[in-house]
Amino acid sequence: MNKSDLVELLSQELDLSVKETSSTINIILDSMTEALSKGENIEIRGFGSFTVKNYDSYIGRNPKTGEKITVKAKKAPVFKVGKELRRAVDGGGK
């Protein structure tokens, strides 16, 4: 499923126009992006949580030349799946 599939599904389910639904989804995703860029965590009960993980800089190696390079410190979003979602994907198993 991609974003346009989600817009279409919600538009039909909620009997809203595609434009209204698309705008609503964009607001939600933009709000989540902004929160994560500020270092805030996002928790959606039953679905999962998004956090920002900080990675320190380190000395790496260019695989082509073998030359040592410094890889800059960075931040990356991380998703941890919730228990209910994990069970649903697993087919309701143990």
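**Briefing: threonine 21, the largest pocket and the core**

Setting aside neighbours within four places in sequence, threonine 21 is in contact with Val7, Leu10, Ser11 and Leu16. The model is predicted. Helix α2 runs through this briefing: threonine 21 lies in α2, α2 gives the most residues to the lining of the largest pocket, and the largest share of the largest nonpolar core comes from α2.

**Threonine 21**
- Is threonine 21 buried or exposed? Threonine 21 counts as buried, because its relative accessibility is 3% and the cut-off for buried is under 20%.
- Its place is in helix α2.

**The largest pocket**
- The largest pocket holds about 270 Å³ of space.
- Its lining has 13 residues, and Leu6, Ile25, Ile28, Leu29 and Met32 are the closest to the centre.
- Two elements give two or more residues to this lining: α1 (3-14) and α2 (18-37).
- Six of the lining residues come from α2, which gives the most.
- By type, eleven of the lining residues are nonpolar and two are polar. None is charged.

**The largest nonpolar core**
- Which residues form the largest nonpolar core? The five are Met32, Ala35, Leu36, Ile42 and Phe50.
- Of this core, α2 supplies three residues, the largest share.
- In soluble globular proteins, nonpolar side chains tend to be buried together.
- Leucine 36 touches Ile42, Phe50, Thr51, Val52 and Pro77, with residues up to four places away in sequence not counted.
- Met32 appears twice: it is one of the core residues, and it is among the residues closest to the centre of the largest pocket.

Notes
Residues numbered from 1 in each chain as written. Predicted model: local features only at pLDDT ≥ 70, side-chain atom pairs only at ≥ 80, totals over all residues. Heavy atoms only, no water. 1 Å grid on protein atoms, 1.4 Å probe; cavity = no way out; pocket = protein on both sides within 12 Å on 5 of 7 lines; lining within 4 Å. Points joined across faces, edges and corners; volume = space filled by probe spheres on them. Helix = DSSP H or I, 4+ residues; strand = E, 2+ residues; numbered from the N terminus. Nonpolar A, V, L, I, M, F, W, Y, C, P; charged D, E, K, R; others polar. Buried < 20%, exposed > 50% of the residue type's maximum accessible area, 1.4 Å probe, protein only. Contact = heavy atoms within 4.5 Å. Core = buried A, V, L, I, M, F, W, Y, C linked by side-chain atoms within 4.5 Å.
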